[in-house]
Amino acid sequence: MTTSNSFLTGTNLPNLGLSNLGLPNLGLPNLGDLSSFEPEAILAAMPGEHPRAAAALAVGRQTSQTGTLDVAELSRIVNEIYAEGFPAGSPFTQKNEFPTNASLSHIATAAVLPSANTVDDPVQTSTPSMISALPSVASGATNLAFADPINTGYANQWPTSGNLDIGQLLAGSDDPYQAELKSLLGSDSLANSSITAASNAAPYYFLQDSSLKQPSVSQVSVTAHPPFDANLLRKDFPILRELVNGRPLIWFDNAATTQKPQAVIDRISYFYENENSNIHRAAHELAARATDAYEGARETVRRFINAPAVDNIVFVRGTTEAINLVAKTWGKKHLREGDEIVISHLEHHANIVPWQQLCQETGAKLKVAPVDDSGQVLLAEYQQLLTSRVKLVSFTQVSNALGTVTPAAEMIQMAHRAGAKVLLDGAQSVSHMRTDVQALDADFFVFSGHKVFGPTGIGALYGKPEVLNDMPAWQGGGNMIQDVTFDTTVYHDAPAKFEAGTGNIADAVGLGAALEYVECIGIDNIARYEHDLLVYATAAMLKVSGLHFVGTAREKASVLSFRLDGFKSEEVGAALNREGIAVRSGHHCAQPILRRFGVETTVRPSLAFYNTQAEVDVMVNALLRLTSNKAPGGL
Ligand SMILES: Cc1ncc(COP(=O)(O)O)c(C=O)c1O
């Protein structure tokens, strides 16, 4: 098979330096062309995790993708393996026989990197990143661009070592795994593996042997969208290199908060190093830089959710504060005894409690639209609630507890027909799907920065201009005024009117960087990838006997809430944590919807675009071990 997209064919094959480690060649065949080499697929098909196989394959993959050897990453993997120890009989059971971090980095540096870039401290070496952020001082805007990882100039300097020898990569592996891998590489046994892709199962091509009748790459359906590579994007998130309980961190708690890319971390540092000042007030250079950066971020938020104007965007602490702001301003002004507010049964406490408080203060009533047994809103029942008494409808676009994607545009239209205003809670949707507040026609849209790869303590409230300007001020003080005397105060228009006091300037700038980062990847690419991953994870998890999903709506995003027979949610959470897997177990601040399904708590893995099928498989394997009581240490 000859293909043009091969990155591991003979002449451009990097010498990973592994042969220099003195690893014995255990006689596996030289596999030649490894077009479409899929390390994750091999790992996914393995019955357990094999650290050395994982490491070798991860390094191979990384090197092939980036065209350079990430010394820090290699060192991390090696240290991780070293910390875990080796099977009895391994050539490396004597720890001191295994190459150290330093010796590895030396090998890697000497073998691969150009001398001008010699790396002294591997841990300090920055990893190649798909996206780099270059804050611009003048505008304060973050200038994000796809950095070509091959641009390092290292790619052409690979010693050409001929074909990749898997035997060399896996040298030191114990026999069962060699046999496993060998058979995987030489057969179509992936199809028979215990965990197979539920949808879109990609064909894997490991061999050029035509007798295997593998389709050529040209036969693979080519998708129209740009390539999306979660493994490459993961490099942008330094925390994903963390070890937890000696295992690589698997972050499946994205519904609680998302991890931050280096671009966001750097942007916030850049702000404090070069721009820090209070905003809007002083006539000096740094005030201008900080104001530009802050207002630039507001423009980014506007663009990201397709609001008509920056004046529609109020910076707040997050979703909770945004909902409280609306309840305590618009709500207080417009609700009276006898009026009604409609929410759905799916809501987070943040979209229940402020309305309850408002009802207590005004004498209005709170009504709840029910859901069916899958966790989807019952539209006929919802319609019944939409009488002329309803002044406000407030509901979530994605349920944080079940993952249900509500038919938001339709529900908004229905509410408008009844003459109600609508607040759409975007806390769980904004990172998973395109937001277009004009197409949705929401009167208010709220979200939190930390759920979309930005900092904590910052979020946004979008309001239609006529609605925002009809709202009384909330907090008083600071920059929200035009003029103050002891008798009276004249307020600015929105958004300044709602941003009293010194706000979270740096984190607003960080939020702008996060949204620009997402724009670079493409929210539609993210949605597509995550959908496939969710389908894959759902099928894989169903292989765990006694696992019951809570929330099975046809339209779901990110969330895989479940119960496991015989185990409390917190026991499952603790068992997964022992394996480095972070999931939420508890009531997810959405007690009413969990009680609707007869449970007080669930285990809730939740996905983001940097998660992979391989990570799902690690979790499923951990659950399988747990249920078959083979967990290390048991329960
Ligand atoms: C649907 C939904 N709404 C509101 C919130 C509250 O968000 P925050 O705590 O960022 O204010 C959350 C947080 O999990 C949520 O999932």
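## Overall fold

Let's start with how the chain holds together: of its contacts with a separation of 6 or more, 73% join residues 24 or more positions apart. Keep in mind as you read that this is a predicted model.

The chain has 635 residues, and 49% of them count as buried. Its secondary structure comprises 20 helices and 19 strands.

## Around the ligand

Next, the ligand and its neighbours. The surrounding residues run from G318, T319 and T320 through H348, A350 and N351 to T396 and N400, followed by D425, A427, Q428 and S448.

What classes of residue make up this shell? Nine are polar, two are nonpolar and one is charged. D425 is among the residues around the ligand, and Asp belongs to the charged class.

## Helix 9 against helix 16

One helix pair is worth a visit. Helix 9 covers residues 285-305 and helix 16 covers residues 505-521; their axes come within 8 Å and cross at roughly 40°. Because of that angle, helix 9 is oblique to helix 16. As for handedness, the two helices make a left-handed crossing.

Which residues meet where these helices touch? Helix 9 contributes A290, A293, Y294, G296, A297, T300, V301 and F304. From helix 16 come I505, A508, V509, L511, G512, L515, E516 and E519. By class, the contact of helix 9 with helix 16 divides into 11 nonpolar, three polar and two charged residues.

Technical notes. Residues numbered from 1 in each chain as written. Predicted model: local features only at pLDDT ≥ 70, side-chain atom pairs only at ≥ 80, totals over all residues. Helix = DSSP H or I, 4+ residues; strand = E, 2+ residues; numbered from the N terminus. Buried ≥ 20, exposed ≤ 12 C-beta atoms within 10 Å, placed from the backbone. Contact = placed C-beta atoms within 7 Å. Near = placed C-beta within 6 Å. Axes fitted to C-alpha atoms, helices over the stretch in contact; angles between N-to-C directions. Parallel < 35°, antiparallel > 145°, perpendicular 65-115°, else oblique. Left-handed = near helix turned anticlockwise from the far one by under 90°.
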